[in-house]
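Me: Could you walk me through this protein model? I'm new to reading structures, so please take it one topic at a time.

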Amino acid sequence: MTSITLYTYFRSSCSARLRIALALKNLPYAAIPINLLKDEQHSAQNTINPSATVPTLIISSSSPNSTTNNTEVTITQSLAALEYLEEAFPATPSLLPPVTDPSTRALVRTLSHIIACDVQPVTNLRILKRVAPFGVDRAAWSKELIEDGFRAYEALAVGAAGKFSVGDAITMADVCLIPAVWGAQRVGVDLGMYPTIERVARNLEEVEAVKVGHWRTQEDTPEEFRV
C-alpha cells in the first residue's frame, strides 16, 4: 500500500511540476497547502522541509500484514522528486526517453534545468522580497530573467520539438515548462517571441493532467482566481 502527500502552494511553479507529474502518472495524493504569502513555509507545519520551501513530496509504503516493512521517503526538491517518481513507478507513463537514448534524455534534463535552475530560483518569491528594498521593479525583474531563460529553451527545443518540447510525448521538460509559462504570462512576457514554446504550451494546455495541476484549479486557490 502506498500513500502520497504533497505540501504545495497554488501558485508555486515547483509544486505545479509535481501536481502535473502525479496526475500524468495517475498517482492520487493528499495535498497540504502551505501559504507562502502568509509565511507558512516558516511555520511548524512545514518543518519537514529544512529549506522552508514547497513542494515536499512524501511517499509512504506499508504492508498490511507487517510492521517491519513500512517505509517513508521525503523529498524536498521538485526535480529530485520527478526523478524519484520515474524510478519508483516505472510502469506508468515515463517523463524521460528510453535509457537506450541517453542523448535525448540529456536534452530533456537540460531543458528542465534551464527552467528549474536558471529561471525559477531568481524569480521566486523569496528573491523578489530580497530585491524589493533596492527599488527593483519585481515584475520587470522577473520578465527580463524569464525572457533570458526562454531564449535558451527555445534555441534548444526548436530542433527537437514535436507536439511537445522533445518529440510527441510529454517529458519532464514540459512538466517544468508549463508552470513557467503561467508565470511568464503574469508578468507580461510576449510568448510570440518564442514560437516553439508558445506552440508547445498551447498543446500542453489541452492535456487533462495539466488542467488538474493548473494554479487556478487548486484547493487553496483564492476564489477570485479560480477558473
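**Two domains and their salt bridges**

Reply: Before we begin, please keep in mind that this is a predicted model. The C-alpha centres of domain 1 and domain 2 lie 22 Å apart, and the protein chain is divided so that domain 1 covers residues 2-93 while domain 2 covers residues 102-211.

Me: How many residues of each domain are in contact with the other domain?

Reply: On the side of domain 1 there are 17 residues, and they are in contact with 20 residues of domain 2. About 1,500 Å² is buried between domain 1 and domain 2, and carbon and sulfur atoms give 71% of that area. Within domain 1, the residues that lose the most area to domain 2 are Arg17, Ile20 and Leu79, which together make up 36% of what that side buries.

Me: And how many salt bridges go across the interface of domain 1 and domain 2?

Reply: The rule finds two salt bridges across that interface, and it also finds two residue pairs in polar contact there. The elements that give two or more residues to the side of domain 1 that touches domain 2 are helix 1 and helix 2 (78-88), and helix 1 gives the most, with eight residues. Sorted by class, that side of domain 1 has ten nonpolar, three polar and four charged residues.

Me: Sticking with salt bridges, what is the count for the model?

Reply: By this rule the count comes to six. As background, side chains of opposite charge can pair when their charged atoms come close. One of the pairs is lysine 25 with glutamate 86, whose closest N and O atoms are 2.8 Å apart. This pair links distant parts of the chain, since lysine 25 sits in the loop between helix 1 and strand 2 (30-33) and glutamate 86 sits in helix 2, 61 residues apart.

Me: Is lysine 25 buried or exposed? And glutamate 86, buried or exposed?

Reply: Lysine 25 is buried, because its relative accessible area is 3%, and glutamate 86 counts as buried too, because its relative accessibility is 11%.

Me: What about aspartate 39, which residue does it meet in a salt bridge?

Reply: Aspartate 39 meets lysine 129, with an N to O distance of 3.3 Å. Aspartate 39 lies in the loop between strand 2 and strand 3 (56-61), whereas lysine 129 lies in helix 4 (residues 125-131), so the pair ties together parts that are 90 residues apart in sequence. Aspartate 39 counts as partly exposed at 36% relative accessibility, and lysine 129 counts as partly exposed at 36% as well.

Me: How far apart in helix 5 are arginine 151 and aspartate 148?

Reply: They are three residues apart in helix 5 (residues 138-157), which means about one helical turn separates them. Their side chains meet in a salt bridge at 2.2 Å, N to O.

Me: Changing topic, where does serine 12 lie?

Reply: Serine 12 lies in the loop between strand 1 (2-8) and helix 1 (13-24), and it counts as buried because its relative accessibility is 8%. Its side chain reaches the backbone nitrogen of serine 15 at 3.0 Å. Not counting residues up to four places away in sequence, serine 12 touches Arg19 and Val54.

Me: Last one: where does valine 212 lie?

Reply: Valine 212 lies in helix 8 (residues 208-213). Valine 212 and leucine 24 are 188 residues apart in sequence, yet 9.5 Å apart in space, C-alpha to C-alpha. Leaving aside neighbours within four places in sequence, valine 212 is in contact with Ala23, Thr217 and Gln218.

Conventions:
Residues are numbered from 1 along each chain as its sequence is written. This is a predicted model: local features need pLDDT of at least 70, side-chain atom pairs count only at pLDDT 80 or more; totals for chains, interfaces and linings use all residues. Side-chain values use heavy atoms; hydrogens and water are left out. Helices (H or I, at least four residues) and strands (E, at least two) are DSSP runs, numbered from the N terminus. Buried means under 20% relative accessible area, exposed over 50%, partly exposed in between (1.4 Å probe, protein chains only). A polar contact is a pair of N or O atoms within 3.5 Å; within protein, one must be able to donate a hydrogen and the other to accept it, and residues adjacent in sequence count only if both atoms are side-chain atoms. Contact means heavy atoms within 4.5 Å. Domain bounds come from an automatic or database domain assignment. Buried area is the accessible area (1.4 Å probe) that two parts lose on being put together, summed over both. A salt bridge is a side-chain nitrogen of Lys or Arg within 4 Å of a carboxyl oxygen of Asp or Glu. Ala, Val, Leu, Ile, Met, Phe, Trp, Tyr, Cys and Pro count as nonpolar, Asp, Glu, Lys and Arg as charged, and the others, Gly among them, as polar.
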